[in-house]
Amino acid sequence: MSELTLIIGNYNYSAWSLCAWSFLRKSGLAFDTVRLRIDTPTFKDEVARYGPGGAVPVLRHGNLTIWDSLAICEYVAELTGRGWPAERSARAVARSVCAEVHAGFINLRTEWPMNARARNRRTAITPGLEADVERIEEIWMDCRRRFGAVGGPWLFGEYTIADAMYAPVVLRFNTYGAQLSDVARWYMAHALADSTVQEWVREAQEEPWTDPSREVG
């Protein structure tokens, strides 16, 4: 039994759960996983047993409870000493792009709900959705150009919390066929080939449940 327990939602649909889970997996820390179905009438009562926020993910570490995806990643980074770029300006930009995806891109999240196992879905492209996709592409290209081109294949070269926070976006773009530049497509292909993301997708494919409200396109 690990000291760390991560409470997540469905592998197929729970985007914020993927952020925390993927960074924990990359950290090398041992942890237990509790999965709760987010599309049931009892979900709120079930998640309330683990944390006060009424949502997943939740991380339990002994008597400590952390109930937000970015806060969980920050906490894991403090435990391991890894997760942010070493250089100060890169670290500041990494925190900025994490905060942006954490708080924004509402059109993307509502019009392209995460569906990790779905492929070849197509929807009407609204102006708001198009703007979100273009902004994310701009972030990826800027991070790769300024910080990632020499140090490795991730946004800031080496794997950081930023890659974990954008993992659900990668899966959304893969599901709905986002039209991207060569640089953004290259980054997306690398992220999709990563063993952690592939493990998450396999878990999603094995889930027997379907939520019609999230089956879009």
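This passage describes the nonpolar cores, the pockets and the surroundings of one N-terminal residue in a predicted model.

The largest nonpolar core contains 63 residues, and the members that touch the most others are Trp 140, Phe 156, Tyr 166 and Phe 173. Two or more residues of this core come from each of β1, α1, α3 (69-80), α4 (88-103), α6, α7 (161-176), α8 (182-193) and α9 (195-206). Helix α7 supplies the largest share, 11 residues. A second core, separate from this one, has nine residues, among them Ile 7, Tyr 13, Tyr 50 and Val 56. In soluble globular proteins, nonpolar side chains tend to be buried together.

The contacts of Phe 156 were examined with residues up to four places away in sequence left out. On that basis Phe 156 touches Pro 85, Ala 90, Val 93, Ala 94 and Val 97, and also Cys 143, Phe 147, Gly 148 and Ala 162.

The largest pocket has a volume of about 410 Å³. Its lining is made up of 17 residues, of which Tyr 13, Ala 15, Trp 16, Ile 38 and Arg 214 are the closest to the pocket centre. The elements α1 (15-27), α2 (43-48) and α5 (106-111) each give two or more residues to this lining. By residue class, the lining of the largest pocket comprises nine nonpolar, four polar and four charged residues. Tyr 13 thus appears in two settings: it is among the residues closest to the centre of the largest pocket, and it is included in the second core.

The second largest pocket holds about 200 Å³ of space. Lining residues of this pocket include Trp 112, Arg 122, Thr 123 and Ile 125, together with Glu 130, Val 133, Glu 134 and Glu 137. The lining also includes Tyr 176, Gly 177, Ala 178 and Gln 179. Helix α6 (residues 127-148) accounts for the largest share of the lining, with four residues. The lining of the second largest pocket divides into five nonpolar, three polar and four charged residues.

Towards the N terminus, Ser 2 lies in the segment before β1 (4-8). The relative accessibility of Ser 2 is 19%, and this residue therefore counts as buried, the cut-off being under 20%. With neighbours within four places in sequence set aside, Ser 2 is in contact with Ala 30, Phe 31 and Asp 32. The C-alpha atoms of Ser 2 and Gly 62 are 9.6 Å apart in space, while the two residues are 60 residues apart in sequence.

Note on methods: Residues numbered from 1 in each chain as written. Predicted model: local features only at pLDDT ≥ 70, side-chain atom pairs only at ≥ 80, totals over all residues. Heavy atoms only, no water. Buried < 20%, exposed > 50% of the residue type's maximum accessible area, 1.4 Å probe, protein only. Contact = heavy atoms within 4.5 Å. 1 Å grid on protein atoms, 1.4 Å probe; cavity = no way out; pocket = protein on both sides within 12 Å on 5 of 7 lines; lining within 4 Å. Points joined across faces, edges and corners; volume = space filled by probe spheres on them. Nonpolar A, V, L, I, M, F, W, Y, C, P; charged D, E, K, R; others polar. Core = buried A, V, L, I, M, F, W, Y, C linked by side-chain atoms within 4.5 Å.
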